[in-house]
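Trainee: Got a minute? I'd like to go through this structure with you.
Mentor: Sure. Put it up and ask away.

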Amino acid sequence: MESIRLSKVEIFLPGSKEALSVLPEKVVIRRPYPNVTMCVAGTSDRKMGWSIPLEMDTLPQWLRLEWLIQLPVDCEHSLMTIHHQFKLDFNLTQQGHVFSMDQTSTFYDPNARAVSFLDLDHIEESFTKGDESFKPYVLDESCGFGFAYFQTLNLNSCAWSDLICDQIEDMALERDIEPATQFTTYIEEHHNNACCEILAADFYNAIRLAREVIVPEQATYFNDSEKHPAIKLICQWWNDLAPDPATRIAAQIQIDVRIADDNQYWSGMDEKPPWPIDGEWRAKSRNACARWDEFVLIEFAQSKAANFYNAHSFQVFNVAGQDFWSGDGVAGEEAQTWDFAREGLEALRSFPERFPVAWEKLKAAL
């Protein structure tokens with residue numbers, strides 16, 4: 001993260017053309033989420049941003065950020081610049097007097113959007129998924145190598161207790177956990193979460209295929225990963241051997257893994273927080289799950305064709321018919337083309353790096 005720097009944070013008050021810096025003396029770039037590499041700027045004592053006192057009669061009209069990214073030595077340019085400018089519209093509600101940038105999350109606003117990737121060779125309106133509040137531009141050479149984008153942001157006031165960023169402050173991080181080599185707690189609960197157990201060889205072969213069969217982007221099933229050999233192998237195992245014949249309709253998977261000797265599964269899916277091992281909702285899904293040893297729970301889902309997709313949301317159902325995963329407020333094109341099976345495929349592919357103790361135990365069990 002030494003390669004990423006937030007160099008400017010400025011606001012513009014009404015009627016003023018002079019920028020006012022609100023950048024703290026020392027900004028710390030962290031990866032505050034449990035299992036992703038997303039970088040966030042904070043301070044020495046806060047992972048997620050910082051507070052700026054505002055006067056209600058002079059609320060800022062614009063917020064401007066400048067990020068500098070050091071590129072690898074083999075790149076044509078040594079530095080990439082990203083300018084991100086927000087036009088801010090404030091709405092004071094009865095919910096509180098705090099305005100937060102984490103309202104860009106769909107937890108707050110079903111119409112919220114975030115830009116996660118830009119290709120400098122193909123900056124066009126399509127990457128915004130039709131959202132006219134984003135306007136991307138390639139920087140003029142005189143301004144450096146990089147891009148800028150402008151965004152209109154409507155901020156509704158809320159209470160401090162509503163802020164997602166504050167909930168993340170004390171969240172445990174997967175990469176900081178000391179993995180357990182054996183478990184003494186929640187063993188019965190883990191066993192009860194699955195209706196059967198997969199053999200080490202079958203689970204290992206699914207991981208092996210996920211790592212060996214690399215799907216190029218132009219492949220016909222790149223966006224239909226339930227056709228990947230690894231997904232087909234593990235789903236066929238379930239469809240041959242699941243105790244309840246009515247559930248032998250698997251085409252997708254997701255995995256959860258125990259790391260510490262506690263009441264948590266860590267998801268193989270990016271950006272998904274840990275889940276408790278016990279709970280009524282786990283008992284309801286047991287007929288859609290298999291386990292491997294004391295480490296892994298595999299939940300099987302139905303084919304994309306059997307799930308629900310519309311212009312703004314999707315629902316993925318497990319093989320027992322429960323709502324397995326939902327996406328609300330997702331832009332139309334993404335909702336209709338999003339490939340949940342690819343999340344399961346990536347969980348298999350990255351298993352040895354993400355869960356090294358479980359991986360060694362799996363190989364030893366062959």
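Trainee: Where is the place of Asp 293?
Mentor: Asp 293 sits in the loop between β13 (289–292) and β14 (296–302). Keep in mind that this is a predicted model.

Trainee: What is phi of Asp 293?
Mentor: Near 50 degrees, a positive value in a residue other than glycine. Most residues other than glycine have a negative phi.

Trainee: Is Asp 293 buried, exposed or partly exposed?
Mentor: Partly exposed, because its relative accessible area is 30%, and the partly exposed class runs between the 20% and 50% cut-offs.

Trainee: And Tyr 186, what is its phi?
Mentor: Near 55 degrees, also a positive value in a residue that is not glycine. Tyr 186 lies in the loop between α1 (164–168) and α2 (187–192). Its relative accessible area is 29%, so Tyr 186 is partly exposed.

Trainee: Switching to helices. What should α3 span, and what does it span?
Mentor: Helix α3 covers residues 200–212, which is 13 residues. At 1.5 Å a residue it should span 18 Å. The end C-alpha atoms are 18 Å apart, so the two agree.

Trainee: Which residues of α3 are buried?
Mentor: Ala 200, Phe 203, Ala 206, Ile 207, Leu 209 and Ala 210.

Trainee: What do they pack against?
Mentor: Helices α4 (229–241), α7 (340–349), α8 (351–354) and α9 (356–364), plus strands β13 and β14.

Trainee: Which residues have the most contacts inside the largest nonpolar core?
Mentor: Phe 203, Phe 300 and Phe 351, in a core of 39 residues. The elements that give two or more residues to this core are α3, α4, β10 (250–257), β13, β14, α7 and α9. Another core lies apart from it, with 19 residues, among them Leu 6, Ile 82, Phe 147 and Leu 155.

Trainee: Back to Phe 203. What does it touch?
Mentor: Leaving out residues up to four places away in sequence, Phe 203 touches Ile 198, Ile 234, Trp 292, Val 296, Ile 298, Leu 348, Phe 351 and Leu 362.

Trainee: Now the open sheet. What is the strand order?
Mentor: It has 6 strands, ordered β9-β13-β14-β10-β11-β12, with mixed pairing. The edge strands are β9 (196–197) and β12 (275–276), and each pairs on one side only.

Trainee: How many bridges join β11 to β12, and do they run parallel or antiparallel?
Mentor: There are 2 bridges, and the strands run antiparallel. Strand β11 is residues 264–267.

Trainee: What is the bridge partner of Tyr 265 in β12?
Mentor: Trp 275.

Conventions. Residues numbered from 1 in each chain as written. Predicted model: local features only at pLDDT ≥ 70, side-chain atom pairs only at ≥ 80, totals over all residues. Heavy atoms only, no water. Helix = DSSP H or I, 4+ residues; strand = E, 2+ residues; numbered from the N terminus. Buried < 20%, exposed > 50% of the residue type's maximum accessible area, 1.4 Å probe, protein only. Expected span 1.5 Å × (residues − 1). Contact = heavy atoms within 4.5 Å. Core = buried A, V, L, I, M, F, W, Y, C linked by side-chain atoms within 4.5 Å. Pairing = 2+ DSSP bridges.
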